[in-house]
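Trainee: Before we rely on the terms used for this model, I should like to hear what each of them rests on.
Mentor: Then let us take them in turn, with the structure in view.

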Amino acid sequence: MRDSSIAAAPSVEEVLEQHRAELTGFCYRMLGSLDAEDAVQETLVRAWKAFERFEGRSSVRSWLYRIATNVCLDMLEGRKRRARPIDLGPAGEPIVENLSVPSEVSWLEPMPDASLAGDGDPAELAATRETVRLAFVAALQHLPAKQRAVLILCEVLKWRAAEVAELLDTSVASVTSTLQRARATLEATEVTPATTTPSVDAADAELLARYVDAFERYDMDALTALIHEDATQSMPPYDLWLNGREDIFAWWLGPGIGCRGSRVIPTTAANGAPAFGQYKPRETGGGYEPWALQVLEIADGRIVDFTFFLDTGRVFPPFGLPLRFDA
């Protein structure tokens with residue numbers, strides 16, 4: 001008779017699945033898009049099929065990162081880098097004539113925090129959020145794919161050069177050289193985890209509640225107290241971005257006036273920042289239509305950046321936001 005006090009060994013699926021969140025974080029930093037979840041799924045499928053041949057000369061975790069790196073490098077082959085509107089040129093005037101959707105640009109996409117970090121040490125979770133901020137992930141996209149992988153593995157995940165060399169089937173000297181070039185490129189962008197806006201904390205909960213109330217009432221006086229005078233706003237897939245609270249309000253009260261009366265629904269954080277689903281009133285009346293995933297950056301008690309991701313059909317489902325809102 002089997003001793004019920006002895007726990008059953010975990011299945012292959014359970015062994016692999018426990019690495020999903022950290023692999024998603026890695027693939028997201030590599031790809032800068034929601035395609036990270038597809039990359040992780042492909043990684044786990046390949047690992048499951050090959051598990052019987054896994055010889056155990058490295059840990060399962062290292063083996064999975066090897067597979068994930070190869071999957072990401074394959075997916076990046078021939079692709080344009082992901083970018084934010086702010087990366088492509090100067091701010092524009094808040095007029096509708098400045099709206100354009102460039103066909104040659106692939107935009108950076110947001111990722112739910114829940115997909116990037118499982119349950120773990122709070123310090124580790126905080127570090128994960130800092131290294132998936134939109135600005136930092138956008139900076140990573142300036143690196144060639146191989147340099148990007150080396151920098152993420154060494155600088156973000158803190159792997160030793162020898163471990164990375166083994167993973168990439170190369171030499172320690174090659175990893176060191178690649179890392180130096182990647183650091184130089186990243187330094188030129190002046191963006192590091194330390195310079196990105198810090199994650200929101202409990203002290204910002206009141207500010208966010210006030211923001212939702214003020215935005216839904218479209219109360220510019222109340223919003224003035226919440227938004228930094230040098231705040232920025234972007235609206236991918238449009239390449240226009242705005243610099244300064246005055247221009248943001250000029251847009252909201254001008255071309256963006258259709259957002260008056262919107263409902264703003266809190267959702268899971270995106271890239272370590274607070275996020276909301278915005279539903280604006282239907283022009284035909286009767287309920288609301290999905291309009292944007294709002295991702296806000298906060299610093300020193302003020303909102304300093306708005307990113308309105310307008311491709312709701314793609315970005316709403318991962319955040320659990322419905323594509324219909326009638327209330």
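The following exchange sets computed values against the definitions behind them.

Trainee: What kind of model is this, and what limits apply to the values?
Mentor: This is a predicted model, in which local features need pLDDT of at least 70 and side-chain atom pairs count only at pLDDT 80 or more, while totals for chains, interfaces and linings use all residues. Residues are numbered from 1 along each chain as its sequence is written, and side-chain values use heavy atoms, with hydrogens and water left out.

Trainee: Why are S6 and S7 called paired strands?
Mentor: Strands are DSSP runs of E with at least two residues, and helices are runs of H or I with at least four, both numbered from the N terminus. Two strands pair if DSSP finds at least two bridges between them. Strand S6 (residues 273-281) and strand S7 (residues 288-299) run antiparallel and are joined by seven bridges, so the pair satisfies that definition. Tyr279, for example, has Pro290 in S7 as its bridge partner. Six residues lie between the two strands of this hairpin, and Gly285 in the turn has a positive phi of about 85°.

Trainee: How do you know that S7 also pairs with S8?
Mentor: Seven bridges join S7 to strand S8 (residues 302-309), again in the antiparallel sense. Leu293 has its bridge partner, Phe309, in S8. Two residues separate the strands in this hairpin, where Asp300 takes a positive phi near 55°.

Trainee: What makes S4 and S5 the edge strands?
Mentor: The open sheet consists of six strands in the order S4-S3-S8-S7-S6-S5, with mixed pairing. Strand S4 (241-243) and strand S5 (263-270) each pair on one side only. Neighbouring strands of the sheet are turned by 25° against each other on average, direction ignored. The partner of S4 is strand S3 (residues 227-234), to which three antiparallel bridges connect S4; Thr232 stands opposite Asn243 in S4.

Trainee: Which helices lie against the sheet strands?
Mentor: Helix H11 (residues 205-217) packs on the sheet and touches S5, S6, S7 and S8, where contact means heavy atoms within 4.5 Å. The direction of H11 makes about 140° with that of S7; axes are lines fitted to C-alpha atoms, for helices over the stretch in contact, and angles run from 0 to 180 degrees between N-to-C directions. Helix H13 (residues 245-253) lies across S3, S4 and S8, at about 55° to S3.

Trainee: Why is Tyr65 called buried?
Mentor: Buried means under 20% relative accessible area, exposed over 50%, and partly exposed in between, with a 1.4 Å probe and protein chains only. Tyr65 has a relative accessible area of 1%, and is therefore buried. Tyr65 lies in helix H4 (residues 60-76). Not counting residues up to four places away in sequence, Tyr65 touches Glu22, Leu23, Phe26, Leu153, Leu157, Trp159 and Leu167.

Trainee: What makes the backbone at Tyr218 and Asn271 worth noting?
Mentor: Most residues other than glycine have a negative phi, and most peptide bonds are trans. Tyr218 has a positive phi, near 55°, in the loop between H11 and helix H12 (220-224). Asn271, in the loop between S5 and S6, has a positive phi of about 55°. Tyr218 has a relative accessible area of 6%, so it counts as buried; Asn271, at 1%, is therefore buried as well.

Trainee: Where is there a cis peptide bond?
Mentor: A cis bond joins Pro236 and Pro237, with omega about 25°. Pro237 is in the loop between S3 and S4.

Trainee: How many cavities does the search find, and what lines the largest cavity?
Mentor: The search of the whole structure finds two cavities of 30 Å³ or more. On a 1 Å grid over the protein atoms alone, a cavity is a set of points where a 1.4 Å probe fits but cannot get out, and lining residues have an atom within 4 Å of a point. The largest cavity has a volume of about 70 Å³, a volume being the space filled by probe spheres set on the points, which are joined across faces, edges and corners. Among its lining residues are Arg84, Trp241 and Asp305, and S3 gives the most to the lining, with three residues.

Technical notes: On a 1 Å grid over the protein atoms alone, a cavity is a set of points where a 1.4 Å probe fits but cannot get out, and a pocket is an open set with protein on both sides within 12 Å along at least five of seven lines; lining residues have an atom within 4 Å of a point.
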